[in-house]
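This report describes selected strands and residues of one protein model. Please look at the structure before reading on.

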Amino acid sequence: MPYAVRTRPVAALMSLALLSFVLPAAADAAPVCTGQAPSGELTAQRITAVQPTRKDPGLYEGAVWVKDALYFSDFSFGPGFPSRIRKLGPDGSVSTAFEDSGSNGLAIDAQGRLVVASHKDKALMRYTLDGKRTPIAQRYQGQVFNSPNDIAIAADGTIYFTDPDYQKTAAPGGQPVTGIYRVALDGKVTLVDGSRKNPNGIALSPAGDVLYVNASDGLLKAYPIVNGVPGQGRDLVKGLAVADGMTLDCHGNLYVTEHEVKRVRVFSPQGKELATIRVDANVTNAAFGGADGKTLYLTGAGALWQVPLQVTGAPY
């Protein structure tokens with residue numbers, strides 16, 4: 001199923017609670033982590049200001065909190081999966097930040113530039129806030145990617161991303177496998193795991209020593225990172241129902257969206273289920289934001305939700 005890119009225009013100043021996840025190399029202060037993870041059953045509320053503006057059906061994806069606003073991808077299922085990046089402002093206004101972004105997953109680097117998983121370009125791209133777009137990773141072993149989907153960035157700038165085939169038909173070409181990739185600081189691309197069908201959500205532990213990836217195999221796997229290189233993945237959670245994007249709170253608990261069953265499940269770093277958050281439509285991705293970094297935002301099928309929590313977390 002198609003999923004949308006996370007793309008976000010980024011401001012240099014973010015709350016320290018979020019900064020520890022995104023720009024650890026640039027932060028001088030110690031990471032701030034407060035509050036407890038949710039437990040039991042919760043229900044997220046729709047943000048009614050955000051409404052579909054296309055005639056064709058599609059998905060919202062790749063939410064990211066930047067300074068005082070939420071950015072997210074908005075794409076349709078039409079030819080080429082046209083996508084743009086929209087912004088929910090602090091006053092509740094909704095606008096378009098980037099037209100024709102071709103995006104699914106989004107992240108932000110230490111210089112405040114957007115890192116975009118682009119199914120239009122079949123590449124990992126970098127956006128400046130004035131709209132300049134440059135490639136980061138375009139090929140592996142001479143071939144373009146399938147449809148880059150989700151992104152995680154390490155403290156040293158190393159980038160990890162997933163490459164399922166959900167939007168493979170957006171442009172010609174692709175890879176023989178659906179893979180998990182690592183982009184080194186020198187731009188070299190290596191395949192972390194090419195054995196999983198349609199890897200999707202990807203995230204790094206707060207300490208940067210574990211890479212988490214879910215896929216259509218129903219597994220959430222943990223890949224230990226030693227000397228900057230991920231090792232063999234181990235099964236952390238089994239039986240996920242069409243897992244999609246995910247994020248983490250500052251304690252390292254994972255918030256995993258399960259697309260068609262319309263829920264987010266929260267798991268400890270040891271894989272213990274802690275909570276379930278319900279929504280009223282198919283859900284795609286998650287990000288922490290708000291003035292105190294304790295609101296969980298969820299994207300999905302023509303809907304955006306929020307649920308106030310008691311813990312800070314990652315902004316994408």
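A polar contact is a pair of N or O atoms within 3.5 Å; within protein, one atom must be able to donate a hydrogen and the other to accept it, and residues adjacent in sequence count only if both atoms are side-chain atoms. The side chains of aspartate 193 and serine 195 make such a contact, at 2.6 Å.

The model is predicted: local features need pLDDT of at least 70, side-chain atom pairs count only at pLDDT 80 or more, and totals for chains, interfaces and linings use all residues. Residues are numbered from 1 along each chain as its sequence is written, and side-chain values use heavy atoms, with hydrogens and water left out.

**Aspartate 193**

Aspartate 193 belongs to strand β16 (residues 189-193); strands (E, at least two residues) are DSSP runs, numbered from the N terminus. Aspartate 193 is buried (under 20% relative accessible area, 1.4 Å probe, protein chains only). This residue has no salt bridge (a side-chain nitrogen of Lys or Arg within 4 Å of a carboxyl oxygen of Asp or Glu). The nearest side chain of opposite charge is that of arginine 196, 5.0 Å away; Lys and Arg count as positive, Asp and Glu as negative, and His and the chain ends are not counted. Apart from neighbours within four places in sequence, aspartate 193 is in contact (heavy atoms within 4.5 Å) with Thr178, Gly179, Ile180 and Tyr223.

**Two sheets**

Strands of a sheet pair through backbone hydrogen bonds, either parallel or antiparallel. Here two strands pair if DSSP finds at least two bridges between them. One open sheet has 4 strands in the order β3-β4-β5-β6, with antiparallel pairing. Its edge strands, β3 (58-66) and β6 (94-98), each pair on one side only. Another open sheet of 4 strands has the order β2-β28-β27-β26, also with antiparallel pairing. Its edge strands are β2 (45-46) and β26 (283-289).

The table gives one antiparallel pair from each sheet.

| Strands | Bridges | Residues opposite each other |
|---|---|---|
| β4 (residues 69-76) and β5 (residues 83-88) | 6 bridges | leucine 70 and leucine 88 |
| β27 (residues 295-300) and β28 (residues 304-308) | 5 bridges | threonine 299 and leucine 304 |

**Two loop residues with positive phi**

Phenylalanine 81 is found in the loop between β4 and β5. Its phi is near 50°, a positive value in a residue other than glycine. Glutamine 141, in the loop between β11 (139-140) and β12 (143-144), has a positive phi of about 50° and is not a glycine either.

Which of these residues is buried, and which is exposed? Phenylalanine 81 counts as buried because its relative accessibility is 9%. Glutamine 141 is exposed (over 50%), with a relative accessible area of 66%.
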